[in-house]
Amino acid sequence: MEKILDKKRIDDWIAALNDWEVHAPALEDGIWTYKPVSGAARLDHPNTRQSPKGFTFPQREVYFSFEQIKGEPPKLTQILPKETRHVVFGVRPCDGKGVPRMDKVFTDHVEDTYYTTRRKNVAYVGLACNKPPSATCFCLSVGGSPVSTDGLDVQLTDLGDRYFVKAVTETGKALMKAAGSLLTEPAAADQKQVKQVHTEAVAYPQRKINDPDGAPAKLKVSFNSPLWDEMARACIGCGICTFLCPTCHCFDINDEVHSKAPLQGQRVRTWDNCQFPDFTMHSSGHNPRENTGARLRQRVNHKFQYFHENFGMHQCTGCGRCVSECPVGIDIVAVVNKVTENVG
Amino acid sequence: MSDNIYLPKLGRVAFIKDEVVGERAIKTFRVEAADGGDLFEHECGQCAMLSIFGRGESMISIASSPLIKEYKQFSIMRVGRVSTAFHDLAVGDVIGIRGPYGNNFPIDDWRGKNLYFIGGGCGLAPIWPLITTAVAQRADFKNITVFYGGRTSRDIMYRAELEKLRESVDVHLSIDKAEEGWDGYCGFVPAAVMDKDPVPDNSVAITCGPPIMIKFVIQNLNQLGFADDQIYTTIENKMKCGLGKCGRCNVGKDYVCVKGPVYSWAVLKNLPEEY
């Protein structure tokens, strides 16, 4: 299903999505953030600061609450996500690419109820990148594209005063049907223009990972390379790279105690981070990844070797957030290139 | 509620025993289903995620044989937040338990073979289900030999059980330094193994203990002629989910909680040393 939407009417489309809670990027204190919208949405963002992964994998997820009166057995009350349906407008193709990768993590081996419940209730209306929105973009190096529809339900392409609207999934079709007569049939000129825009989009130069296909094997033999320590020397272990990443999924589980007598609290999942020293530290004090070099290697190898060995795809979508936001300038593109150059 | 992979069952602590007291205290706990019935089936080598509500979860090896259905046994050294809370438990207290997690020792492949068990410190607990299962099915195996060492005689766990084991298998206990009244071996476990010259023919060696002990045990076994695929060990890494999702226990591409904790040395020696 392919349609045309007058840009001025996007607010009417959003208003027509009665059954959904709609989110779109909003500029808040200079930071693009997904916010609930009822009317006016603007899709002129380069990309949001945070990826949209929080819609399926929120930073804080409560598993259950516990309550225990002294001398009695504890009572557990399972807490599952609400079945509210969300639609997220303006998702960039790199973040769309993150979706099938997160699906792998949370459904492989056993299914994670919290993820799958949220996942089946969220739809993504993507926005193709007519040109790379950031100097740190490198989606083309990792099997992506500025016009990819992976993980999206609808793809919008900006054609100046109107959007070219393409359904990707059945859910996407339903969202488009809800727009009714707001969406009109594309003219031959629209079809021609969207092709032109897409062709130009993929032709824009981007930063490059030199040998993405060879990276898994090359990284495997570079495990003991001295470059890891060298390239991680500046790392302060802040973890911003993983928090902003659309595919980083590591988490911690902890008990939050709200009252000691009677005991009341919740078991909670929160995002965790492979760049933190205590992420892997045993209670004995032994730490298998005891320095920043080992931890940088874990982040890079997870994305460009381990995940690829397990699922046949890189766990990096080229969004460039970890590059642009790193306070000390650690650059995953440069790291992969440096470690893998002159190997094999 | 059973679909929720993070929701623990409730287990009642039915038995607590001090194995080792002092600085490196170890207690043994037997946990049964709080509502009666069985908790779950498990295999030798698997682990369970235990929790004390309000303190948190910790992954612990199941230390009882799968042949025992009424309870699961765990021997826990007091080292961190959760294990300390375990040491404060009393019989009758209710904890959380989910599992079992991980792979298992391929005991069925080992019937008709000699088994050498080599444990150090609290590393006896993860291989204890295997030892006790093999002893319960004694006729299925040839010679069974248990080497086990503690730093001092006070660090020897399962003392009474090991003495009873002598009725059906060879047991060699060791301590690091000589003590008055000790009639076993004095020295480190890898040396205690060499002292008895295990034969590699038709044998499997299973070792668990501190990483440095495992390292030298394997070196010595190789020297005795044990091939890499005749040596098994079980490793630990920090874990939070037990389900291959939380991202921290991986050694290379595999999560220890799913593909481990049991590895043959033939496999483990080719993995990055991140454990």
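Domain bounds, as I use them here, come from an automatic or database domain assignment. On that basis I split chain B into domain 1 (9–101) and domain 2 (107–234).

I noted the conventions before going further: this is a predicted model, in which local features need pLDDT of at least 70 and side-chain atom pairs count only at pLDDT 80 or more, while totals for chains, interfaces and linings use all residues. Residues are numbered from 1 along each chain as its sequence is written, and chains are lettered from A and ligands numbered from 1 in the order in which they are written.

**Domains of chain B.** I looked up the centres of the two domains, taken over C-alpha atoms, and found them separated by 24 Å. Counting two residues as in contact if their C-beta atoms, placed from the backbone, lie within 7 Å, I find 16 residues of domain 1 of chain B touching 15 residues of domain 2. On the domain 1 side, strands E1 (9–20) and E5 (72–77) of chain B are the elements that give two or more residues; helices (H or I, at least four residues) and strands (E, at least two) are DSSP runs, numbered from the N terminus. That side has 8 nonpolar, 6 polar and 2 charged residues, where Ala, Val, Leu, Ile, Met, Phe, Trp, Tyr, Cys and Pro count as nonpolar, Asp, Glu, Lys and Arg as charged, and the others, Gly among them, as polar.

**Chain A against chain B.** I then turned to the contact between the chains, which takes 37 residues from chain A and 34 residues from chain B. Among the elements that give two or more residues on the chain A side are strand E4 (60–68), helix H2 (93–107) and helix H9 (292–311), but E11(A) gives the most, with 6 residues. I read the classes on this side of chain A as 20 nonpolar, 12 polar and 5 charged.

**Asn130(A).** I located this residue in the loop between strand E7 (122–127) and strand E8 (154–158) of chain A. Asn130(A) counts as partly exposed because it has 17 C-beta neighbours inside 10 Å (20 or more other C-beta atoms within 10 Å would make a residue buried, 12 or fewer exposed, and partly exposed lies in between, with C-beta atoms placed from the backbone). Leaving aside neighbours within four places in sequence, I find Asn130(A) in contact with Asp158(A), Val197(A) and Ala201(A). I also noted that Asn130(A) and Pro146(A), 16 residues apart in sequence, are 7.1 Å apart in space, C-alpha to C-alpha.
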